[in-house]
Amino acid sequence: MSEAKGTTQKMVKNERTQRLKERLLHTRPEVESERARLLTQSYRETEGQPTVIRRALALQKILEEMSISIKQDELIVGHRSNKPRSGPQFPEMSIKWIIKELDRFEARPVDQFLTSDEVKKELREILPWWKGKTVCDCAWHNIPEDTKRLIGSHIFVIDNNLLNGLGHILPNYQKAISLGFRTLKEQALSHLGRLEYLSGDDFEKRHFWKAVIIVLEAAITFARRYADLARELADSEKDPWRKEELREISRICRRVPAHPASSFREAVQFFWFLQCICFIESDGMSISPGRFDQYMYPYYQKDLKRAILTREEAREILECLWIKFSELVELFPEDWAYTASGFPMGQNLIVGGQTPDGQDATNELSYLCLEAGARMQLPQPNLSVRFHQNSPLKFRQKAAEVIRLGYGQPACFNDEIIIPALLRRGIPLKDARDYAVVGCVEIAVPGKTEAYSNPANLNLPRVLEITLNNGQDVFSQEKIGLSTGDPRQFRTFEQLWDAFRKQMELFVYHMVVASNAIERAHAELVPTPFLSVLISDCLEKGKDVIDGGAVYNFSSPQGIGIANIADSLAVIKKLVFEEKKITMLELLEVLKVNFQGQEKLRQILINKVPKYGNDDDYVDSLAGRVSMLYGKEVEKYHNPRGGQFQPGLYSVSINVPMGKHVGATPDGRKAHTPISDGVSPVHGLDVNGPTATCKSVSKLKHILFSNGTLLNLKFHPENLGSSEGMMKLVFLIESFFNLGGMHIQFNVVSADTLKKAQKYPEKYRSLVVRVAGYSAYFTELYQDLQDDIIVRTEHRL
């Protein structure tokens with residue numbers, strides 16, 4: 001090859017990931033039916049066999065027969081469906097919403113999917129067979145009638161796991177990549193061979209281990225199909241550079257995942273096969289890479305020492321992987337799509353932090369992951385960083401440099417609070433130090449935890465609304481809560497608080513009942529033997545992860561709207577009970593008419609009472625009191641796996657649709673408008689600057705919320721443009737964490753830019769923003785959510 005041609009090839013190679021990104025940006029999400037067809041064929045063929053065996057055989061059929069492709073420029077191969085950004089269907093979970101919405105996926109106002117006539121026709125032929133056989137059918141049958149009535153009243157939301165898989169988990173990638181599937185298969189065979197007699201439990205174990213053997217072999221076959229395809233493409237490829245790349249892809253896919261990875265690129269390809277297959281087996285969200293820089297670093301370091309990999313080549317491999325992450329999308333029912341708009345997959349990849357022995361874990365790959373994120377600026381993976389007291393300043397600065405680029409990543413997590421929170425849950429120190437983040441902000445020990453994150457979301461302002469109406473629904477006028485007394489007769493704030501506490505207890509109880517019913521349905525109908533191989537103790541116990549196979553077992557619901565309820569209680573306490581400037585009757589009447597003709601009073605409620613987010617103990621203490629009430633009530637309960645319920649305070653984007661089911665609230669919020677997100681203040685009411693906001697948020701007892709809390713802050717780009725501005729950001733994060741904050745994330749984008757993107761979406765196709773615990777393309781969000789992001793307080797440092 002001539003020197004000139006070699007230089008040209010190198011330049012083309014270096015532009016690879018930008019070409020892949022441009023192709024991705026112009027790919028519209030599309031519905032596909034292939035998985036549903038293959039799954040249904042398998043289920044028809046295996047009727048009468050044990051459920052876990054049926055699941056394994058179904059996955060085998062899909063992996064052996066689904067369409068596969070290798071796109072131009074790809075170095076990392078594999079996909080969960082036949083096209084990038086296509087949404088496979090999972091009829092075993094639920095079918096009613098698919099049938100109902102099939103003709104409007106392209107036209108609905110949120111998360112549109114192209115849907116061909118051929119796909120519609122095939123799904124209409126497939127779906128009726130699943131009637132009465134889905135997880136949704138089984139779970140709904142398990143839920144008591146009085147709990148169903150509350151679900152319909154929008155006090156808590158459970159649609160995610162009622163209609164989709166569980167997901168929200170951190171597989172043990174390190175174990176699989178270092179051992180290979182042949183070794184894991186031998187372990188399953190060994191367990192199977194040691195069964196001396198067959199009791200009831202032994203039958204279940206035998207079925208589980210047989211299922212594991214089936215799925216491991218199927219995964220090896222899946223990879224080798226790619227090896228064969230790459231070899232075929234190489235044979236016909238004219239470009240010698242690409243021919244050699246395809247041959248290398250073929251070699252790698254023939255080796256992994258059957259055998260342990262022996263190089264960095266093999267390890268990354270192994271990882272991606274694991275990720276793909278987990279998302280093919282089930283449509284659970286947020287299957288997260290976790291501490292990628294820790295388990296991948298040995299391969300990177302070894303290759304550098306052997307001089308078979310350069311830093312730039314490793315970064316290109318990471319950038320190719322970043323593209324693969326962002327090719328995954330999920331088709332949700334329209335109602336649920338509003339709660340997580342923008343096609344988030346929640347693949348949280350976190351770098352930094354500590355080793356299990358308490359040393360700083362930051363390494364060269366930690367920085368390289370941040371660089372890959374900065375160069376690609378994609379919604380996925382959901383990039384995060386762990387900080388602790390001894391985190392290098394250089395690492396903190398690097399994270400701040402990436403944050404100020406304005407694509408909403410990385411999010412920042414505080415070891416000094418999260419590790420004690422996990423210790424409080426009974427997790428040993430070494431495992432607690434090894435934590436990673438699932439999805440948005442959920443905390444778990446990688447490869448050991450089934451945390452059942454996000455099974456339900458409790459609408460806290462709705463609980464107060466029902467309390468103020470003595471258990472009555474303000475919309476339907478039905479009695480859905482307890483009779484806790486007419487608030488107009490209350491003489492003290494504590495009487496109101498006692499009524500609120502009783503309603504909270506009732507609704508948390510029913511939320512737990514619904515969550516456990518759904519979990520039982522998943523365990524009964526959709527075990528996940530492939531995922532279970534990747535969770536410690538499942539293989540040893542012969543038990544699926546959703547059936548209690550994991551080392552640590554939790555269920556983790558969220559409380560939504562903490563700022564609204566704190567501000568509302570402050571209004572009632574101050575103006576009704578202390579200063580007596582308005583009566584409870586007057587307040588209830590003005591709420592009933594949504595402040596119509598009472599704008600002057602509304603402005604008093606907004607401006608004359610302390611607001612959460614301004615470092616005012618009067619209202620901040622109420623936020624703390626409400627959050628403690630919710631958190632302590634949640635952790636009273638246990639799930640079918642014997643694990644404890646643990647609370648979180650984050651909202652994805654559910655705070656926007658949740659607000660549509662809440663009337664006017666005492667803080668001056670109008671009916672049907674969004675409620676507050678995470679532990680963030682109400683938009684526009686945190687007027688004393690970011691430091692005051694951080695002080696307010698830090699007063700919450702974050703250690704109680706071991707499933708995570710979420711703080712959003714927004715800055716104008718000019719504020720962080722200089723080195724001085726960047727260092728102010730570094731110190732703000734450090735100060736917040738020293739005060740006891742758990743998590744913080746940023747949007748660095750002006751409201752003017754976002755408004756222009758609304759008006760000219762074609763010019764801002766690549767604009768990525770932080771929504772909640774995830775980032776998304778701004779132009780792919782529905783307008784109400786776009787508006788909610790635009791009106792967030794724009795702070796200055």
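Visitor: Why is glutamate 633 called buried in this predicted model?

Guide: Glutamate 633 has a relative accessibility of 5%, and since buried means under 20%, the residue falls in that class.

Visitor: What makes the contact between lysine 636 and glutamate 633 a salt bridge?

Guide: Their side chains meet with nitrogen and oxygen 2.8 Å apart, and because the criterion asks for a Lys or Arg side-chain nitrogen within 4 Å of a carboxyl oxygen of Asp or Glu, the pair qualifies.

Visitor: Why is arginine 19 called partly exposed, and aspartate 73 buried?

Guide: Arginine 19 stands at 29% relative accessibility, a value between the limits of 20% and 50%, and is therefore partly exposed, whereas aspartate 73, at 8%, is under 20% and therefore buried.

Visitor: What joins the side chains of arginine 19 and aspartate 73?

Guide: A salt bridge joins them, with an N to O distance of 2.7 Å, which is within the 4 Å limit. The pair links distant parts of the chain, 54 residues apart, with arginine 19 in helix H2 and aspartate 73 in the loop between helix H4 and strand E2.

Visitor: How do you know that glutamate 599 and arginine 602 form a salt bridge, and where do they lie?

Guide: Their closest N and O atoms are 3.0 Å apart, which is within 4 Å, so the rule is met; both residues lie in helix H29, three residues apart, about one turn of the helix. Glutamate 599, at 35%, is partly exposed, while arginine 602, at 16%, counts as buried.

Definitions and conventions. Residues are numbered from 1 along each chain as its sequence is written. This is a predicted model: local features need pLDDT of at least 70, side-chain atom pairs count only at pLDDT 80 or more; totals for chains, interfaces and linings use all residues. Side-chain values use heavy atoms; hydrogens and water are left out. Helices (H or I, at least four residues) and strands (E, at least two) are DSSP runs, numbered from the N terminus. Buried means under 20% relative accessible area, exposed over 50%, partly exposed in between (1.4 Å probe, protein chains only).
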